[in-house]
Amino acid sequence: MAPLQDHPRRYELANELHARPFPEVSTNARAAYLAIRASGDAARRDRDLDRAHLLALLDRYGAPHPAPGATHYIGPLGKYRLKWESHTEFVTYTIFADGVADRAFDKGTFDLFPEDWLNDAPGQRITSALIRVETVEAEAQIVERIDSWFERESLAVAHVLDGALTVAGDFRIDEAGHMRFAIFPEPDCGRRRIGRVLQRLCEIETYKAMSMLGLVQARKVVRELADIEQELAELMATLTSKQDVPTEALLEDILGLSTRIEGIVTRTNFRFGATGAYEAIVNQRIEVLRESRFMARQLFGEFMMRRYDPAMRTVQAAKSQLESLAERTARAANLLRTKVDVGRQAQNQSLLESMNKRADLQLRLQETVEGLSVVAISYYAVSLVGYLVYPVLEPLHLSKGLALALVTPLVVLAVWLGLRRIKKHHLG
């Protein structure tokens, strides 16, 4: 008996759950984060370019290469550590270094990425961030630092993971072009726990930035839909009015609007769908942080509710408006098609009635012609019969007139019966 066979992808699928481990970060460390998105259709980009860009960075430090086709890599980069991930639309790089600089969020941290290597990136920066991890002794020191590091108006601060860490950020781009986040772990906080929180903050920022691309698309769509909606309203007003306007012309105009709407749907369908997925990830990543209040300061969830959620509702509203307009245009087109069909049926009915009248007239004309034909044929037939009976008239003492008078009804009857038989034969 043959042994039980494994599915050829069983181990690959099982290992996928463990393919992206969280980094381990010490209680005093710094990180530089970069997310790059290819121009155009990023979901169908050439991923070999992403891999080549990664290998170029690894080769500078003599670091080992990831396996062919890998979508994740974590390993040494000289005296630092690198975490690389490939996603549907973007790739991310995170470099971790032990210790903190004397100057908070010193731009030298991001200089761990070589400038010429950055210039050769196969895409554009969607976001970048500097993360500072520092243990402090008292909450007063945290307050002093965050008030000097961040914009108070947009600052979000929270205890996370049951108070094991405190995180802060203002989601503003600094003068060097980076976001800033601070993590203040308790002295006994584990390296993996710090790494999980750091990773979550990077994910929140990245997926927030990616989902905001949907807002740009939504604003363009809303302007286009406003024009289409106005045109549709005018066409429907014309349709419901008593103006004598050809319905075929209206139908052609509405089908033109429907084509434009389908074009917008095709152009925005992926982006709107991705925006919804990214929004869900942002909210889920904030939820797993298990935030609690830090000295009456704004939580990350509250910041998103006030600043981020309205943008996502705008995207959802644009998507709903697009779907509604597509349905209304389809209903208008169906209504016009019905009206055109009814009009054509009325025309067909009128045409049939006209054809019936013509057929009736043609039948009458045909009967008249047949009657005249009987007369004409009978006339010549009587003449021929006359030649046959003239020789026998003298013995019978009959005149030609009387003989023709007697023969004519018989000839006419014979001709009529003959024509009728011929007609019946051909029609039958």
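This is a short talk on the sheet, the cores and one helix of a single-chain model.

First, the ground rules. The model is predicted, so local features need pLDDT of at least 70 and side-chain atom pairs count only at pLDDT 80 or more, while totals for chains, interfaces and linings use all residues. Numbering starts from 1 along each chain as its sequence is written, and side-chain values use heavy atoms, with hydrogens and water left out.

Now the overview. The chain has eight helices and eight strands. These are DSSP runs, numbered from the N terminus: H or I with at least four residues for helices, E with at least two for strands. Of the 428 residues in the chain, 39% are buried. Buried means under 20% relative accessible area, exposed over 50%, partly exposed in between, with a 1.4 Å probe and protein chains only. Take the contacts with a separation of 6 or more: 74% of them join residues 24 or more positions apart. Contact means heavy atoms within 4.5 Å.

On to the sheet. Strands of a sheet pair through backbone hydrogen bonds, either parallel or antiparallel. Here, two strands pair if DSSP finds at least two bridges between them. Eight strands form an open sheet in the order 2-3-4-1-5-8-7-6, and the pairing is mixed. Strand 2 (72–77) and strand 6 (156–160) are the edges, each pairing on one side only. From one strand to the next, the twist averages 15 degrees.

Look at strand 8, residues 179–185. With strand 7 (residues 165–169) it pairs antiparallel over five bridges. Two of the matches: G169 has F181 as its bridge partner, and V167 has I183. With strand 5, strand 8 pairs in the parallel sense, also over five bridges. There, A129 stands opposite M179.

Is strand 8 mostly covered or mostly open? Covered: seven of its seven residues are buried. M179, F181, I183 and P185 are buried on one side, and R180, A182 and F184 on the other.

Helix 4 (residues 139–149) packs on this sheet. The helix touches strand 5 (124–133), strand 6, strand 7 and strand 8, and its direction makes about 175 degrees with that of strand 8. Such angles run from 0 to 180 degrees between N-to-C directions, with axes as lines fitted to C-alpha atoms, for helices over the stretch in contact.

Next, the cores. A nonpolar core is a set of buried Ala, Val, Leu, Ile, Met, Phe, Trp, Tyr and Cys residues joined through side-chain atoms within 4.5 Å. The largest one has 64 residues, and I131, L165, I183, V197 and L198 touch the most other members. Helix 5 (residues 191–240) gives the largest share, 16 residues. Beyond four places in sequence, L198 touches V25, A31, F96, I131, V133 and I183. Another core lies apart, with 37 residues, including L58, A121, V157 and A182.

Now a polar residue in helix 5: Q199. Why does Q199 count as buried? Because its relative accessibility is 6%. Its side chain makes a polar contact with the side chain of E85, at 3.4 Å. That term means a pair of N or O atoms within 3.5 Å; within protein, one must be able to donate a hydrogen and the other to accept it, and residues adjacent in sequence count only if both atoms are side-chain atoms. Leaving aside neighbours within four places in sequence, Q199 is in contact with F22, P23, K83 and E85.

Last, cysteines. C189 is buried at 10% relative accessibility, and C202 at 3%. How many disulfides are there? Zero, with a disulfide taken as a pair of cysteine sulfur atoms within 2.5 Å.
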